[in-house]
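Colleague: Before I rely on any of the terms used for this protein, I would like to hear how each one is justified. Could you take me through them one at a time?

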Amino acid sequence: MSSEFNPYGLSQPPSVGGSQATLRGESPYLRSPENNLPKESLTSIPREFAPLLQDQPPAPYNSSPLANKESGYLTDPRPAKRPFYKTLWFWIAAIIIVAAAVVLPVYFVVIRPKHDSKTSSGSVATGSSNSTGTTTTGSSQALVQFGGDGSTVTKEDGTTFVYNNSFGGYWVSNAENPYDNSARPNSWTPPLNQSWRWGEDRINGVNLGGLFVPEPFIVPELFETNPGAVDEWTLSTILAGKGQLQEVLENHYDTFITEEDIAQIAGAGLNWIRVPIPFWAIETWQDVGVDGSGQTVAEPFLARVCWKYILRLIGWARKYGLRVLLDLHTIPGSQNGYNHSGKLGSLNWLNGPMGLANAERSLDYIRTIVEFVSQPEYKDVVQMFGILNEPFLPTIGRAPIESFYLRVYEMVREITGTGEGNGPVISFHDGFDALKNWANFLPGADRIAIDDHPYFAFDGQPNREPVNITAVGGDGTQLGGKWPLQACNAWGANMNTSRANFGISVAGEFSNAINDCGLWVIGIGVQPHYGSDCEYWADASQWSDANKQGLLNFALASMDALGDFFFWTWKIGASTTTNTVQAPLWSYKLGLENGWMPKDPRAARGMCESLGVTPQPFNGPFQPWQTGGAGAGTIAPAATASIQQWPPTLQNVPTGGATALPQYTSIATPVTLPPLTPTATASVTVTATAGNGWFDAQDTAPAVTPISGCGYPDAWDAIGAQVPLSGCLPGPTST
């Protein structure tokens with residue numbers, strides 16, 4: 001990869017020692033020469049981001065709890081008689097001094113001034129500590145808590161866990177201001193209250209798949225205990241029939257991903273999370289048309305309940321310094337017919353008789369989310385918004401998707417304004433089309449990104465080639481077979497070319513799956529292309545060390561090739577039949593624990609070059625307008641001349657029905673998402689405001705709702721249905 005993205009200036013991936021070193025085996029490309037170490041420690045906070053450490057004269061000894069016990073006066077020779085520092089009183093005094101040295105400078109120099117100003121952006125904590133720090137002001141007790149590696153975190157329920165982060169990250173919890181953005185996940189990532197430097201800072205992220213949009217292979221227990229469920233539509237229908245819909249799903253939202261998971265993600269050297277969310281976090285409709293038998297169809301999803309858990313998750317991300325890409329994973333009618341779009345089967349978004357109506361409704365939901373995350377309380381945490389996951393361009397067509405993307409861009413920037421810090425980066429999925437086909441899309445647009453999801457597992461091939469043999473292109477000691485080199489060749493040049501020709505380019509999903517083995521990876525009841533013997537890949541306890549090393553090298557090659565990435569996914573739940581994870585290739589957490597994911601993602605740097613791939617770096621920086629600088633938001637008319645005006649012409653529409661597609665009418669009140677209101681106590685006065693869920697007070701346009709009297713076909717299964725002859729177009733007064 002380009003040296004522009006290597007803040008340490010190393011020609012080899014950094015050596016971090018410890019458990020990571022045991023994974024390297026005889027792979028010299030993962031080791032740094034001992035005489036090529038950076039000036040700053042790789043596991044401490046760089047001085048440029050630690051004001052208290054700058055321009056300080058060397059102390060006679062290090063009072064930080066992170067100090068090496070071999071340093072300073074502890075190694076000085078002493079007389080043979082009993083030294084005074086071995087007395088009890090000396091150590092009591094020393095502990096008090098150490099605690100004061102750690103807490104007081106951070107508080108009085110950095111945190112206190114920020115809190116006195118009552119800003120919502122929070123304070124800049126510095127350093128990290130293996131003991132939890134607390135500060136107080138006036139009548140408030142334990143106002144701010146913070147800690148680094150080895151510190152103890154107390155959760156809302158009073159239970160505790162130890163925070164492990166050897167990369168200089170620290171957490172911050174501020175009772176007075178829950179919107180304090182001073183935490184950071186590691187020493188090479190800016191704190192949340194400092195700007196992300198696109199093209200210099202790199203996204204090392206992970207998805208939280210299956211949490212708010214349950215998928216069979218990620219949370220098999222939900223589907224194993226509810227036979228007949230194949231997607232969330234059928235799962236919700238079955239659970240509702242048992243009277244268990246809210247009980248079961250709310251328990252899942254509450255327990256599948258915990259605060260410890262978020263802390264572990266930061267401790268793994270990662271710095272972003274991608275959070276798939278469903279549109280029913282906002283609302284569902286009880287009448288979306290009639291089916292073939294004339295019955296009214298209601299959306300069965302659990303409406304609005306997951307939203308408070310989404311906000312809790314955003315709060316945890318803030319606490320540990322993780323940036324968030326919020327991804328709208330489902331949409332009315334389904335954008336791809338996959339089981340993670342809400343309903344398996346038919347594609348009815350921008351496609352078929354109800355394609356336009358569903359798209360109109362989806363614009364309202366995108367608007368509601370943007371209004372919420374653009375508020376000052378959230379914009380520094382939710383810094384990117386994926387407006388729709390994986391619309392299937394081969395069926396929908398390029399023209400309707402481009403038209404929709406332009407419509408969304410204009411709507412979003414009308415709400416947020418343009419320029420860095422004004423609302424999130426807008427992420428568009430490539431629709432499974434080649435990245436090169438998105439080059440120069442909307443030049444001049446303010447902060448848009450293209451999202452690619454490269455997988456070998458879904459290429460329709462058996463992919464039975466082994467990973468536990470010598471890596472192709474390596475030095476003879478590396479393992480991985482053909483897979484590491486294939487990742488480098490397939491993805492590296494394409495991503496960097498896209499950065500040059502489009503702008504911000506991110507792999508929103510990838511995994512360690514070289515094949516489609518694993519319980520329900522390609523759906524319930526669907527046979528994998530791999531063929532027989534998939535059981536081996538579903539049971540990680542059978543994997544040899546060589547197999548794990550090969551997978552580790554594949555992961556490193558993938559990370560190096562992609563540059564900015566989100567692994568799919570952090571956690572796979574256990575099957576109830578075996579009490580084990582049966583899709584282990586997809587679990588970052590399991591791989592981290594068992595040796596086939598890197599302990600430090602920076603170890604990926606230079607992996608492709610070590611396999612003989614000639615680097616084709618993006619030599620950046622990005623154009624100023626691409627990252628919210630000069631010219632952002634100025635799109636030349638010629639750039640949009642070839643894009644269909646809204647509404648676009650749709651495919652799979654009955655002959656003669658293209659000009660009379662059913663629509664909704666804009667007379668409804670927009671739905672606002674509620675904030676979590678901080679709770680004051682007798683000892684803590686909350687000074688921060690929670691916002692009202694709607695950033696732009698000038699945005700008062702109505703939302704869409706069905707036209708009374710229109711006989712809409714089922715919005716989720718309308719392909720082949722007849723277009724209503726009349727009564728389904730909005731009148732002039734309803735636009």
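**Terms set against their definitions**

Modeller: Of the 735 residues in the chain, 56% are buried, where buried means under 20% relative accessible area, exposed over 50%, and partly exposed in between, with a 1.4 Å probe and protein chains only. This is a predicted model, in which local features need pLDDT of at least 70 and side-chain atom pairs count only at pLDDT 80 or more, while totals for chains, interfaces and linings use all residues. Residues are numbered from 1 along each chain as its sequence is written, and side-chain values use heavy atoms, with hydrogens and water left out.

Colleague: What makes the barrel a barrel, and in which order do its strands come?

Modeller: Eight strands close into it in the order E6-E7-E8-E9-E10-E11-E12-E13, with parallel pairing; strands (E, at least two residues) and helices (H or I, at least four) are DSSP runs numbered from the N terminus. Two strands pair if DSSP finds at least two bridges between them, and strand E6 (residues 204-207) is joined to strand E13 (residues 565-567) by three, one of the partnerships being that of asparagine 204 with phenylalanine 565.

Colleague: How do you know that H8 is largely enclosed by the rest of the structure?

Modeller: Because 19 of the 19 residues of H8 are buried, the helix is largely enclosed. Its span from first C-alpha to last is 27 Å, close to the 27 Å expected at 1.5 Å a residue, the expected value being 1.5 Å times one less than the number of residues.

Colleague: What is meant by a nonpolar core, and how many residues has the largest?

Modeller: The term covers buried Ala, Val, Leu, Ile, Met, Phe, Trp, Tyr and Cys residues joined through side-chain atoms within 4.5 Å. The largest such set has 167 residues, and those with the most contacts inside it include Phe212, Ile387 and Trp586. Helix H8 (residues 355-373) supplies the largest share of this core, ten residues. A second, separate core of 13 residues includes Leu325, Met384, Ile504 and Phe566.

Colleague: Why are the buried residues of H4 said to line one face of the helix?

Modeller: In helix H4 (residues 232-242) the buried residues are Glu232, Trp233, Leu235, Ser236 and Leu239. Seen down the axis, they fall within an arc of 165 degrees, so they line one face; the arc is that of the directions from the helix axis to the C-beta atoms. Their cover includes helix H3 (220-224) and helix H5 (245-255), contact meaning heavy atoms within 4.5 Å.
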